Amino acid sequence: MWTNELTVLVPNYNGSHFIVNTIKNIRSVIGRNADIIIVDDNSTDDSISTITKLNVTLLKRKNSGGFAAAVNTGFKYLIKRQTKLILVFNSDALLPKDFLSRLNPYVNPIDPSIGVWGFHEQDEDIIKENANTSGFVFLLNAKVINEVGYLDEEFFMYGEEQEYFRRLVSLNYKIIQTKIEIAHSGEGSSLKNFPNFYFSYLAQRNSILLEIKTRNIFFVLRKVLVIFLIINKLYFPKGRRNDKSYKRITRPNFFLRNIFFIKSIIYNVQYLFDRSEH
């Protein structure tokens, strides 16, 4: 059974207020003996003491590197264990009770040409497809890591999954977008740890960085223009006005939104210069 090949990988940073319910949910849905790995990204709350009571495998990072770094730590550990399926799971997400039965037709048997199975965030207005599938929870065919590599830690958070999915598709792996809905607090594990406006800056910065890393100058300039129009509330892509990613970059006041926009451009220009020097 494919569930015997499944490991759940949960990155955690100061998420002690979520992690107990999250692990209970995973075990109630996948099974009491579910293989669960938690990677703690150098938390400063009581996460470590809380997690050690949960009877899971705990990997502790010495430095906080963000979501991508925590996931990569888990990937490297699981590759050595020859794990076949990795469910990357946000610490503030909750699986539906019928998750396994609904997922079964998609993964039984496991198609080697499929790299990722994506899920639909509950209450999300649109179901994203292909490389734009949501990355808050995704199922990875672990064998692709040897070819695709690891998440890009330059992103810290936001966009790292999209960049990884685009690389995966460029190597002719498929992404299957399931219709399974998963509840997600949406920044619930992060709002406690960072100023609210920091998310807006990262979302703007990484949206541009994503295009630089995966597309050409036309797409980069188009993304810059789109972000400028959105933060000044002059434009929203059709049907996406309530999309969380767009709400995120318009959350601060007018002045801060535009300061972050300028800072994002400066960051990415500097990134381009640094890359050209290498």
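Modeller: Two strands pair if DSSP finds at least two bridges between them. Helices (H or I, at least four residues) and strands (E, at least two) are DSSP runs numbered from the N terminus. This is a predicted model, in which local features need pLDDT of at least 70 and side-chain atom pairs count only at pLDDT 80 or more, while totals for chains, interfaces and linings use all residues. Residues are numbered from 1 along each chain as its sequence is written, and side-chain values use heavy atoms, with hydrogens and water left out.

Biologist: How many bridges join β4 to β7?

Modeller: The two strands run antiparallel. One position to look at is Leu85, which stands opposite Asn141 in β7. The number of bridges joining β4 to β7 is 5.

Biologist: Which residue of β7 is the bridge partner of Val116?

Modeller: Strands β6 and β7 also run antiparallel, joined by 3 bridges. Within β7, Trp117 has Leu139 as its bridge partner. For Val116, the partner in β7 is Leu140.

Biologist: How many residues of β7 are buried?

Modeller: Buried means under 20% relative accessible area, exposed over 50%, and partly exposed in between (1.4 Å probe, protein chains only). In a regular strand the side chains alternate between the two faces of the sheet. In β7, Val137, Leu139 and Asn141 point one way and Phe138 and Leu140 the other, and all are buried. Strand β7 is thus mostly covered, with a buried count of 5 of 5.

Biologist: Which residue in β8 stands opposite Ile114?

Modeller: Strand β6 is mostly covered, with 8 of its 8 residues buried. Strands β6 and β8 run parallel and are joined by 6 bridges. Opposite Ile114, in β8, stands Lys174.

Biologist: Which residue follows α1?

Modeller: The buried residues of α1 include Phe18, Ile19, Ile23, Ile26 and Ile30. The elements against which the buried residues of α1 pack include β1 (6–12), β2 (35–40), β4 (85–89) and α4 (99–107). After α1 comes a residue with a positive phi, near 135°: Gly31.

Biologist: Which element gives the largest share of the largest nonpolar core?

Modeller: A nonpolar core is a set of buried Ala, Val, Leu, Ile, Met, Phe, Trp, Tyr and Cys residues joined through side-chain atoms within 4.5 Å. The largest one has 32 residues, of which Ile30, Leu87 and Phe99 touch the most other members. Elements that give two or more residues to this core include β1, β2, β4, β6 (114–121) and β8 (174–184). The largest share, 5 residues, comes from α1.

Biologist: How many residues are in the second, separate core?

Modeller: Starting from the largest core, Ile30 touches Leu6, Val8, Leu87, Leu95 and Leu100, not counting residues up to four places away in sequence. The second core is separate and includes Leu9, Ile37, Val71 and Phe165. Its number of residues is 25.

Biologist: What is the angle between the planes of Phe99 and Phe119?

Modeller: Rings of Phe, Tyr and Trp (its six-membered ring) pair if their centres lie within 6.5 Å; planes under 30 degrees apart count as stacked, over 60 as edge-to-face and the rest as tilted. By this rule there are 6 aromatic pairs. Phe99 and Phe119 form a tilted pair, with 5.4 Å centre to centre and a plane angle of 50°.

Biologist: How many residues apart are Phe99 and Phe119?

Modeller: Both residues are buried. Phe99 is in helix α4 and Phe119 in strand β6, so the pair links distant parts of the chain. Their separation is 20 residues.

Biologist: Where does Tyr158 lie?

Modeller: Tyr158 and Phe199 form an edge-to-face aromatic pair, 6.2 Å centre to centre with 70° between the planes. The pair ties together parts 41 residues apart in sequence, because Phe199 is in helix α7 and Tyr158 lies in the loop between α5 (145–148) and α6 (160–170).

Biologist: What is the relative accessible area of Ser200?

Modeller: Ser200 is found in helix α7 (residues 196–214). Contact means heavy atoms within 4.5 Å. Leaving aside neighbours within four places in sequence, Ser200 is in contact with Arg248, Ile249, Pro252 and Phe260. Ser200 is buried, with a relative accessible area of 0%.

Biologist: How far apart in space are Glu163 and Asp152, C-alpha to C-alpha?

Modeller: Glu163 lies in helix α6 and is buried, with a relative accessible area of 6%. Beyond its neighbours within four places in sequence, Glu163 is in contact with Asp152, Phe155, Leu210, Lys213 and Thr214. Glu163 and Asp152 are 11 residues apart in sequence, and their C-alpha to C-alpha distance is 7.6 Å.
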